[in-house]
Each structure stands twice: as C-alpha cells, then as structure tokens.
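User: I have a model open and want to go through its contacts. Can you take my questions as they come?

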Number of protein chains: 2
Amino acid sequence: MKTLKIPEATIIRLSVYSRYMAQIKRKGIVTISSGEIARGVGVSSAQVRKDLAYFGEFGTRGVGYNVGELYGYLMKILGLTTQWKLVIVGAGKLGSALAMYGGFAERGFKVVGIFDNDPRKIGQKLDNLEIMDISQLPKIVEANEAKIGIIAVPAEEAQEVTNILIKNGLKAILNFSPRVLSVPDDVVLRNVDLSVNLEILSFYLDAQKR
Amino acid sequence: MKTLKIPEATIIRLSVYSRYMAQIKRKGIVTISSGEIARGVGVSSAQVRKDLAYFGEFGTRGVGYNVGELYGYLMKILGLTTQWKLVIVGAGKLGSALAMYGGFAERGFKVVGIFDNDPRKIGQKLDNLEIMDISQLPKIVEANEAKIGIIAVPAEEAQEVTNILIKNGLKAILNFSPRVLSVPDDVVLRNVDLSVNLEILSFYLDAQKR
DNA sequence: GGATGTGAAAGTGTTCACAGCC
DNA sequence: GGCTGTGAACACTTTCACATCC
C-alpha cells in the first residue's frame, strides 16, 4: 500500500460508499461497476476509482467490484471492524437525542455514558442509560475504554469539557457546540455545526434573489 | 461587487467569523485585525482577508475592521437579516430535538411546523409546537412562507419526503438522513450525516495505530 | 468488449509576499 | 509602522483519457 496523503473528502465519500454497498448487498447484488456506484451516490466514476485506488486494487478489469468484498474492504479501511465506545457530555435536547439515536449502533458505535452537571438531570434515564454527573466520566471512560467523546454542551462550556475529555485520554472529539475548539495534534476533532449548515442554506437562498 | 465563484469553504468560514464577531462584540471590543480573527477561529490571516475580499472592502489599512460593522456585513452576506421559516419532517428522537433546539432561534431561524406519519405521534406537543400529520404540510408551508425543510426521517423514506418538500416549493433542504438525495438544480441541499462524522473519527483513530 | 487503475491535464482553493493606504 | 487588499505562486483535488487486464 502506498502512503500518500489522503484527502479528507475521500474519507467522507468512502463512508458514503460503504453505506451504499450495504444497501446494494441487502438487495442481493453481487457485482457492481464504478459507474453504478457513482450514479448511486452522486459522484463521477473516476472519482470512485481514484478514492479506492488510495487503498489498493479491489476490482476486476472488465467486470467491476464484488459487492460483499468491497463492503468488507471499506469497513476495514474506515476502522469499523471493531466496536468504538463513546461518551456524550451534555444531556440537553441534543445530547439526549444523540444518546438515544439508533443510527450509531447500526454502524458499530456504542454510547457507554452520558454526562451533565445539572443536578436535576443526574439520575434520569434515557432508554437504558442513566445521566451521570460529569465527575463520573473518568471512571466510565476507563472501564469501557471509550475513545470518542461527543460535546453537546453550550458554547461557553465547550472548551472546558474538551479539556476534560482530553485529560481522560480520549483521542477523538465530535463537537456539536457552536464554538471553535483547540485540541492537541494527536486528538482528532470534527465539528458538526447545525447553525452553520442552516446559514449556508440561507446564503444560497438569499443569493438566488440577487 | 465582483461576481466570482465563491468557494463553499468560504461560506462556512464566514458563518464562523460572524459568530466570532458576535462574541467579540459582546465583549465591547471595537476594532479587530484579520490576525486576531484568524487566531480566534483557527485559520490564517490571509484566509480571513481573502474570504472577506470576495464581498467588498470592509477594513481600514493600518487599523483593522470595525467589529460592529463587520458583524453587520457578515449577517447581510449570509442572508441573516431576514427571519427564515423552516419545517421539520420526522418527529423521532432527532427531529424532536431539532424542533426544540434553541440554537436556531438565536440565529434567526424559526421552526413553524414538525410533521410525522405515525398516528401515535400526531397531536403530541414539543414545547409550543404540535406534531402534525404530513398531510398538513402544504398548508403550513404556504401560510408561513417557509423556505427551508429539514429531513429527519429514516433513510428509506428520505427521498419520498424530499419530493414532497420540493413539490411544495421549498428551495433549501437540510438532510439528516443517511441517504444520498437527488434534487433539482434550483434546490440547495446540505447533508449533515452523523454517522459519517463518527466514521471519519474512526478512520483517523484507527490510522494512529497503523 | 468492457471496466479498472492511473499518469497527465485541468480546475479549485490556499498561502505568500508586498504594494497601497491609514 | 502597521494592517489591509490582492496578484502571483503554490498546493491540493478532480477530471480526462487511455493503457492494461479479465
């Protein structure tokens, strides 16, 4: 395998391809071409082949890709053959919804704890998960070997919570707060900013009128 | 104003700048340089200046930018001087949380309706909003002049719901379902895929071990 | 024949570095 | 002197087009 710098956009598409392959696999289709994948997920066929080429040669010339095999390769590339444990900090509307969201389990992520600092919330149940005081976080992270933390607290508390997560050895953070966070180089950070997404729509809607 | 093609990454950053300016403004700071903005949001100062230069000359050489003015320009560029009305389809965990999420109102977005097709959910209240049958959507969209639709239904129903939204004249769609949607050219679509984001973290976490 | 894998070309976005202005 | 605004250089990503192989 060559060690090139892989574009982040490629990783995003690989995740999309993998889900598309799961869908195709369920239909019982055995073979698929880059062109068919491309049409299914809305990119070019060359793009599909280039993305896959970063990681190896998975297809057969003149034929295409074996659906089951390709799915397996994609899951392995994405690191989804092991189950990742994650914790959520912030048990407001968003944090609670994320804790109960079924989509994570489907792809092998397991929520092992949700934390808050509001005494009125501590002890409440979300499905099978009890909201715990943030002071319990170190114990839960260690016991479950959680590696991913989700931040669903208000902007003002986001950096503080981030520091706690990092101190407890978490190496990946998904930030839902509308605040730019600083993290050390060895921690992966992704921002899912709901307002930013609406504002992008606003920009293009408004632009249509100009 | 020049009409260049503006990178989408620029729009995302403008949204981030605008929120940072709101924060700075609250502190009572009057003037700020591109370098200070850059440090605050984690980009380069040249990037800040280039992004702004697409839309005009807002600063004063040797001095910097007036915080209040720049904030106003950014809000105008982003189309946030008018209030956008939006509807949410899907009143599951995620849709319900979004309906009650305070962050939207803060930036001038108003949820005017939430819809589902599950009879058990119809009539239930989320804060002041009653969950309605999807058949009521056309009426609500028209009465409120809603322009934005949020999709929070399972993957299988996502394209169908999208078609309904488009038929009712919505021009912008925020898709939370893990499905690639097709929309006409005049409809703006953004995807917020929670699992994709976790899978990107998974990829980089796994890569650390290699 | 047909679809992959891949260098080369085109296109897009970011950084550099400095002229211009306060 | 200091900071903006911007053309030019650079870096990165996508598309093209075709040799390669089943």
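User: What area is buried between chain B and chain A?
Analyst: This is a predicted model. The area buried between chain B and chain A is about 5600 Å², and carbon and sulfur atoms give 68% of that.

User: How many residues does the contact take from each chain?
Analyst: It takes 60 residues from chain A and 60 residues from chain B.

User: And how many salt bridges between chain B and chain A?
Analyst: The count is four salt bridges. One of them joins E199(A) to R107(B), with the closest N and O atoms 2.6 Å apart.

User: Which helix gives the largest share of chain B's side?
Analyst: Helix α9 of chain B, residues 194-209, with 14 residues. The side of chain B that touches chain A divides into 35 nonpolar, 10 polar and 15 charged residues.

User: Switching to the DNA. Which residues come nearest to strand C?
Analyst: Of the 24 residues around DNA strand C, the nearest are S34(A), R49(A), G59(A), R61(A) and Y65(A). For G59(A), a backbone N or O atom lies 3.0 Å from a phosphate oxygen of the strand.

User: What does chain B do there, say S44(B) and R49(B)?
Analyst: An N or O atom in the side chain of S44(B) is 3.3 Å from a phosphate oxygen of DNA strand C. R49(B) has a polar side-chain atom 3.4 Å from a base nitrogen of DNA strand C.

User: How much of the strand's atoms within 4 Å of the protein is sugar or phosphate?
Analyst: 61% of them belong to sugar or phosphate, and the rest to bases.

User: Which element gives the largest share of the surface near strand C?
Analyst: α3(B), with four residues.

How values were computed:
Residues numbered from 1 in each chain as written. Chains lettered and ligands numbered in written order. Predicted model: local features only at pLDDT ≥ 70, side-chain atom pairs only at ≥ 80, totals over all residues. Heavy atoms only, no water. Contact = heavy atoms within 4.5 Å. Buried area = accessible area lost by both parts, 1.4 Å probe. Salt bridge = Lys/Arg side-chain N within 4 Å of Asp/Glu carboxyl O. Helix = DSSP H or I, 4+ residues; strand = E, 2+ residues; numbered from the N terminus. Nonpolar A, V, L, I, M, F, W, Y, C, P; charged D, E, K, R; others polar. Near = heavy atom within 4 Å. Polar contact = N/O pair within 3.5 Å; in protein donor to acceptor, adjacent residues only side chain to side chain.
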